[in-house]
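Could you walk me through the fold of this protein, one question at a time? I would like each answer to show its reasoning.

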Amino acid sequence: MLLGFIVVLFLIYYLFNKKKESPLQENEYSFFFNPSNDEITLNQIKEGDSFSLWLKPDSYLIYIYFPGYYFGQGYIGRFKSEKLYRQISSGMYNYEHKVVKIKDRRIYLLLDFKKIDFESIRLQQLNSVNNFKEKIKKKYSPQKSTTFSFTIIELNKFPKKIVIGHVSIDTILEQISFGNYYTTMTNGVWLEDELGRLISNTNKTPYENLFKFFRAVNSGYHPELKIISKVPVNLSKKFSQSVIEWEVIFTK
C-alpha cells in the first residue's frame with residue numbers, strides 16, 4: 001500500500017515537472033555537454049555563445065566544437081537531426097546560431113536561417129567583373145616603372161637577353177571571370193630568352209603591379225626589363241627556386 005502511494009507521488013512529480021518544461025521552438029535544438037577535453041567546462045559557456053558545427057558525412061549527426069580549437073579538437077557534444085542536417089548541407093541557406101538556454105548539462109541552440117539570394121549574388125559578381133574590365137581599359141600614363149617578381153626554371157646559364165612576354169588585353173578580357181582576376185593576370189605575363197624560350201616559372205608579382213602593367217600596355221606603352229636581383233655566375237637548383245625581381249620600364 002505504502003509502495004503504491006510512493007509510486008503515485010513519483011509519477012505526479014515527474015508529470016508535473018515534465019509539464020513545466022517548455023517545448024522546443026522552431027529551429028531550436030539541444031545537446032548534452034560531453035567534452036572530449038577536460039579543459040573545457042560548462043562554466044565557460046553562456047547564453048549568446050556560438051560554436052562550430054560539423055556534419056558527419058553519410059549520417060544526420062551534427063557535431064559541436066568549442067571555438068578556438070582546430071583539427072577536430074574541442075568537441076563538446078553532438079545531436080541527430082535529419083531536418084537540420086538537410087537544411088545546412090543543402091547550400092541554400094546562410095545561418096547563425098546562439099545558445100539560448102543551459103539546463104543541467106544540456107545546452108539549447110537556436111538557429112536562424114536566411115535563404116541565399118543567388119540571383120543577387122550573380123548580379124553582384126557580374127557588376128564586379130564589368131567594373132574590373134572598365135578600369136583595366138581606362139587610358140593610363142605610367143609616371144614611373146613598376147616591379148615584377150618571378151621564379152626561374154632550372155637553367156645551365158643565365159640568358160644574355162631576357163624579354164617580357166604577355167597576352168593581349170583582349171585575351172585578359174575574354175578569360176576574366178569573378179574571383180580569378182589575379183590568376184588570369186599572373187598567367188598572362190612571362191619571361192623569355194632571346195630565342196623565345198620560356199625561362200620564368202611562377203609569377204609572384206603583386207596584383208596592383210600587374211593591373212598597372214596591363215593598363216599601360218592597353219594604353220600603347222611597351223615594357224622593357226631591367227634586372228634588380230643579383231644573379232650569380234654559377235647557377236644552382238637552389239637559385240632556380242628563388243624569386244628574381246625585375247624593374248619594368250614603360251616606353252611609347
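Happy to help; the questions below go from the whole chain to single residues, and the model is a predicted one.

Q: How many helices and strands does the secondary structure of the protein come to?
A: Let's start with the broad view. Of the 252 residues, 37% are buried. As for secondary structure, the protein comes to seven helices and 12 strands.

Q: What share of the contacts with a separation of 6 or more is between residues 24 or more positions apart?
A: A contact here means heavy atoms within 4.5 Å. Taking the contacts in the protein with a separation of 6 or more, the share from residues 24 or more positions apart is 68%.

Q: Which strands are the edge strands of the open sheet formed by three strands?
A: The sheet is open and antiparallel, with the order E2-E3-E4. An edge strand pairs on one side only, and that description fits strand E2 (52-55) and strand E4 (75-80).

Q: By what angle are neighbouring strands of this sheet turned against each other on average?
A: One of the pairings in the sheet is that of strand E3 (residues 61-65) with E4, joined by five bridges in the antiparallel sense. Within it, Tyr-65 stands opposite Tyr-75 of E4. With direction ignored, the average turn between neighbouring strands of the sheet is 25°.

Q: Which helix lies across E2, E3 and E4?
A: Look for a helix running at about 95° to E2. The one that lies across the three strands spans residues 82-89, and it is helix H2.

Q: Which residues make up the covered face of strand E12?
A: Strand E12 covers residues 243-251, and its residues divide between two faces. The uncovered face holds Val-243, Glu-245, Glu-247, Ile-249 and Thr-251. That leaves, on the covered face, Ile-244, Trp-246, Val-248 and Phe-250.

Q: Which residue stands opposite Glu-247 in E12?
A: E12 pairs in the antiparallel sense with strand E7 (residues 146-152) over six bridges, and there Phe-150 stands opposite Ile-244. Strand E11 (residues 222-227) also pairs with E12, antiparallel and over six bridges. In this second pairing, the residue facing Glu-247 is Lys-226.

Q: What separates the C-alpha atoms of His-222 and Lys-252?
A: His-222 lies in strand E11 and, beyond four places in sequence, touches Ile-249, Phe-250, Thr-251 and Lys-252. Although His-222 and Lys-252 are 30 residues apart along the chain, their C-alpha atoms are separated by 6.0 Å.

Q: Is Asp-58 buried or exposed?
A: Asp-58 lies in the loop between E2 and E3 and has a positive phi of about 55° although it is not a glycine. The cut-off for exposed is over 50% relative accessible area. Because its relative accessibility is 83%, Asp-58 counts as exposed.

Q: In which loop does Asp-104 lie?
A: Asp-104 is a residue other than glycine with a positive phi, near 55°. With a relative accessible area of 68%, Asp-104 is exposed. Its place is the loop between strand E5 (93-103) and strand E6 (106-115).

Q: How many charged residues are in the lining of the largest pocket?
A: The largest pocket has a volume of about 260 Å³. Its lining includes Glu-154, Lys-157, Lys-160, Asp-193, Glu-194 and Arg-197, along with residues such as Phe-158 and Asn-156. By class, the lining has five nonpolar residues and one polar, and the number of charged ones is six.

Definitions and conventions. Residues numbered from 1 in each chain as written. Predicted model: local features only at pLDDT ≥ 70, side-chain atom pairs only at ≥ 80, totals over all residues. Heavy atoms only, no water. Pairing = 2+ DSSP bridges. Helix = DSSP H or I, 4+ residues; strand = E, 2+ residues; numbered from the N terminus. Axes fitted to C-alpha atoms, helices over the stretch in contact; angles between N-to-C directions. Buried < 20%, exposed > 50% of the residue type's maximum accessible area, 1.4 Å probe, protein only. 1 Å grid on protein atoms, 1.4 Å probe; cavity = no way out; pocket = protein on both sides within 12 Å on 5 of 7 lines; lining within 4 Å. Points joined across faces, edges and corners; volume = space filled by probe spheres on them. Nonpolar A, V, L, I, M, F, W, Y, C, P; charged D, E, K, R; others polar.
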